[in-house]
Structures are given as structure tokens and as C-alpha cells.
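The following note is addressed to a colleague who is meeting this structure for the first time. Please read the numbered points with the sequence and the model side by side.

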Amino acid sequence: GEDFTLQNIASDRKKLIETLQNAGWIYLNRDNVLLLADTTGGHRTVKLRYKLESDLPKYKTQPVDINEVSITFKSEDSSKTLNMAEEPENPKEYELRYKLLERAIELKGGNRYSLRTASRSISNLSSLNMLSGLSIKYEALPSDSLKLNAHLTVVPSNRFTVSAEGAVTTKSSHFVGPSVGIRLTQKNLF
């Protein structure tokens with residue numbers, strides 16, 4: 001019953017692609033989905049049908065799974081990588097606790113890829129307010145393009161911040177004097 005507009009069609013196509021990507025079809029994009037509009041029915045009606053391109057490579061037409069998830073902590077002088085499949089022997093080497101990361105990163109090895117899960121993982125990590133940089137990259141296994149390794153790269157922010165502010169204070173009794181404030185913030189979730 002809706003009007004036939006390009007805006008409605010683009011919106012529907014976007015929802016379809018997001019639904020497919022949430023079901024694991026990471027390689028499928030909007031250019032691979034064709035829209036067929038049949039206007040021969042009369043009475044100002046249009047029958048819409050979506051169809052995948054006919055000559056798509058096999059890897060685009062099948063859902064993919066996450067093989068393993070790793071996270072790399074980068075700083076000015078070093079970088080440390082943690083495989084999320086196993087708890088580290090010395091967890092104090094890393095900027096954030098393993099259990100905290102395990103809860104925040106919803107992408108898990110052995111699970112099907114989901115755009116929604118990947119977005120929530122990034123959102124969860126960002127909400128910790130402990131990172132100044134965050135990115136995620138997927139890499140297909142050389143032996144199987146339907147299995148991905150997810151690599152998260154994080155740049156922890158400074159745990160301590162110091163700020164100072166000054167102002168001039170006036171009172172109703174005609175007192176004028178200085179006002180000084182110093183603030184130390186420790187960003188430590190533990």
C-alpha cells in the first residue's frame with residue numbers, strides 16, 4: 001500500500017542487507033542485490049522482488065563464521081596481542097582485565113558473524129572510556145574464505161589526567177579574590 005519511491009526502495013534494500021549481514025553474509029553488499037519491479041499488474045500497483053546477482057562468487061552467497069578473536073594493545077613504545085580464546089597467564093601485562101574484555105567483546109570464536117554483534121562490541125569497548133583509539137579488521141583464513149579472524153586494535157588512553165582551573169570570585173560583600181581548582185582523574189575500572 002505504500003507509494004513507489006526510490007527512497008522507500010533504498011531503505012528496504014538497506015534493511016535487507018543489514019538482515020543478511022546479521023545472519024553472517026559479510027561479503028554481500030547492496031550492489032549484489034537487484035530489484036525487479038513489475039508494473040504490468042495495472043491499477044497503479046507495483047510488484048517488487050529482490051534477487052541476488054546471478055554470477056556472484058561462492059563466498060558472497062554463504063554466511064561466514066568467526067574463527068578467532070584477538071585484541072592488540074598499542075602504545076607509543078610497544079604492542080601486545082591477546083588471543084581472546086584463552087585467559088592470559090599474566091593478565092597484569094595488559095591494560096584492561098581479561099574478564100572485562102570478555103564481557104565487552106561480543107564477537108566470539110566459533111560463532112556466526114553478525115554486523116549487530118560487531119557493532120555492539122565496538123560500542124561496549126568505547127563506553128569504557130579507557131581507549132583513545134579502536135578499530136576492527138577481519139581477515140579470511142587462507143584455507144577457508146568462510147572463516148574469519150577478527151583483530152581488534154585498541155590504543156589505551158592515559159589512566160591519569162590532571163587539570164587545573166582558575167577564576168576570580170566576587171561576593172556580595174564586595175570581596176574580590178582568586179579561586180583555584182585542581183582535579184586529578186584516575187581512569188581505572190579495577
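1. In this predicted model, strand β8 gives the most to the nonpolar surface patch, namely three residues. The patch covers about 610 Å² and is made by Phe160, Val162, Val180, Ile182 and Leu184. Two strands, β7 (160–170) and β8 (176–186), each supply at least two of the patch residues.

2. Val162 deserves a separate remark as a member of this patch. Val162 belongs to strand β7. Its relative accessibility is 65%, and Val162 counts as exposed because the cut-off for that class is over 50%.

3. How many aromatic pairs does the model contain? The count comes to two aromatic pairs. In one of them, the ring centres of Tyr27 and Tyr59 are 5.0 Å apart and the planes stand at 90 degrees, so this pair is edge-to-face. The pair links distant parts of the chain, with the two positions 32 residues apart in numbering: Tyr27 sits in the loop between α1 (6–22) and β1 (33–38), and Tyr59 in the loop between β2 (47–52) and β3 (65–74).

4. Are Tyr27 and Tyr59 buried, partly exposed or exposed? Tyr27 has a relative accessible area of 24% and is partly exposed. Tyr59, at 34% relative accessibility, also counts as partly exposed.

5. Tyr113 and Tyr138 form an aromatic pair that is likewise edge-to-face, with 5.4 Å from centre to centre and 90 degrees between the planes. Tyr113 is found in the loop between α2 (98–104) and α3 (115–126), while Tyr138 is part of strand β5 (residues 131–141), so the pair ties together parts that are 25 residues apart in sequence.

6. The accessibility of these two residues should be read together. Tyr113 is buried, since its relative accessible area of 4% falls under the 20% limit. Tyr138, with a relative accessible area of 25%, is partly exposed.

7. Strand β5, which holds Tyr138, is joined to β6 by 10 bridges, and the two strands run antiparallel. One bridge partner in β6 can be named here: Pro156, for Leu131. β5 and β6 form a hairpin, with two residues between them.

8. Which way do β3 and β6 run, parallel or antiparallel? They run parallel, and eight bridges join β3 to strand β6 (residues 144–156). Thr72 has Thr153 as its bridge partner in β6. Strand β6 is thus a point of reference for two pairings, parallel with β3 and antiparallel with β5.

Technical notes: Residues numbered from 1 in each chain as written. Predicted model: local features only at pLDDT ≥ 70, side-chain atom pairs only at ≥ 80, totals over all residues. Heavy atoms only, no water. Patch = residues over 30% accessible without salt bridge, like charges linked within 9 Å, V, L, I, M, F, W, Y side chains within 5 Å. Areas by Shrake-Rupley, 256 points an atom, 1.4 Å probe, with all protein chains shown as cover. Salt bridge = Lys/Arg side-chain N within 4 Å of Asp/Glu carboxyl O. Helix = DSSP H or I, 4+ residues; strand = E, 2+ residues; numbered from the N terminus. Buried < 20%, exposed > 50% of the residue type's maximum accessible area, 1.4 Å probe, protein only. Phe/Tyr/Trp six-rings, centres within 6.5 Å; stacked < 30°, edge-to-face > 60°. Pairing = 2+ DSSP bridges.
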